[in-house]
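Subject: Structure handover

Hello,

Here is the structure I said I would pass on. My notes on what was found follow below it.

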Amino acid sequence: MMKRFLVSLVLMIAPALMADVSTCPVSGEKLGEMGPPVSIDYQGKKVAFCCDSCIAKFQKDPAKYLAKQQGK
Ligand SMILES: [Zn+2]
């Protein structure tokens, strides 16, 4: 009984924890909706984007997009 409860709890919480990294910081699109997400390493942190053109935009002004993503 208890085990089944814990499993459903984890299934409820997991998407909420993933939500932070599941959108593109440039376009705000959900990753995976426009094809497989692409990611780069920025200052030792993995940042995922919906497409290559968003990476190009991000690299022109990374601080702006990171602040935007964190300031939700
Ligand atoms: Zn994109």
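Two residues are in contact here if their C-beta atoms, placed from the backbone, lie within 7 Å. On that basis, among contacts in the protein chain between residues at least 6 apart in sequence, 30% join residues at least 24 apart. Please keep in mind that this is a predicted model.

Overall layout. The protein chain has 3 helices and 2 strands, and from the N terminus on the order of these elements is α-β-β-α-α. Of its 72 residues, 12% count as buried.

The hairpin. Strands β1 and β2 pair in the antiparallel sense, over 5 bridges. One of the pairings joins Tyr42 to its bridge partner Lys45, in β2. The hairpin has 2 residues between the strands. Gln43 sits in this loop, between β1 (38-42) and β2 (45-49). Its phi is positive, at about 50°, although Gln43 is not a glycine. Is Gln43 buried or exposed? Gln43 counts as exposed because it has 7 C-beta neighbours inside 10 Å, and the cut-off for exposed is 12 or fewer.

The core. Which residues make up the largest nonpolar core? There are 8 in all: Cys24, Val26, Leu31, Val47, Phe49, Cys50, Cys54 and Tyr65. As general background, nonpolar side chains tend to be buried together in soluble globular proteins. Cys24 is a useful place to start looking at this group. Leaving aside its neighbours within four places in sequence, Cys24 is in contact with Leu31, Phe49, Cys50 and Cys54, which are core members, and also with Glu29.

Phe58. This residue is in helix α2, which covers residues 52-60. What does Phe58 touch, not counting residues up to four places away in sequence? The contacts are Pro25, Val26, Phe49 and Tyr65; Val26, Phe49 and Tyr65 are among the residues of the largest nonpolar core. Pro25 is 33 residues from Phe58 along the chain, and the C-alpha atoms of the two are separated by 8.1 Å. Phe58 itself counts as partly exposed because it has 19 C-beta neighbours inside 10 Å, where buried would need 20 or more.

To look at these points in the viewer, you could begin with Cys24 and its contacts, including Phe49, then go to Phe58, which also touches Phe49, and finish at Gln43 in the loop between β1 and β2.

Regards

Notes: Residues are numbered from 1 along each chain as its sequence is written. This is a predicted model: local features need pLDDT of at least 70, side-chain atom pairs count only at pLDDT 80 or more; totals for chains, interfaces and linings use all residues. A nonpolar core is a set of buried Ala, Val, Leu, Ile, Met, Phe, Trp, Tyr and Cys residues joined through C-beta atoms within 7 Å. Helices (H or I, at least four residues) and strands (E, at least two) are DSSP runs, numbered from the N terminus. Two strands pair if DSSP finds at least two bridges between them.
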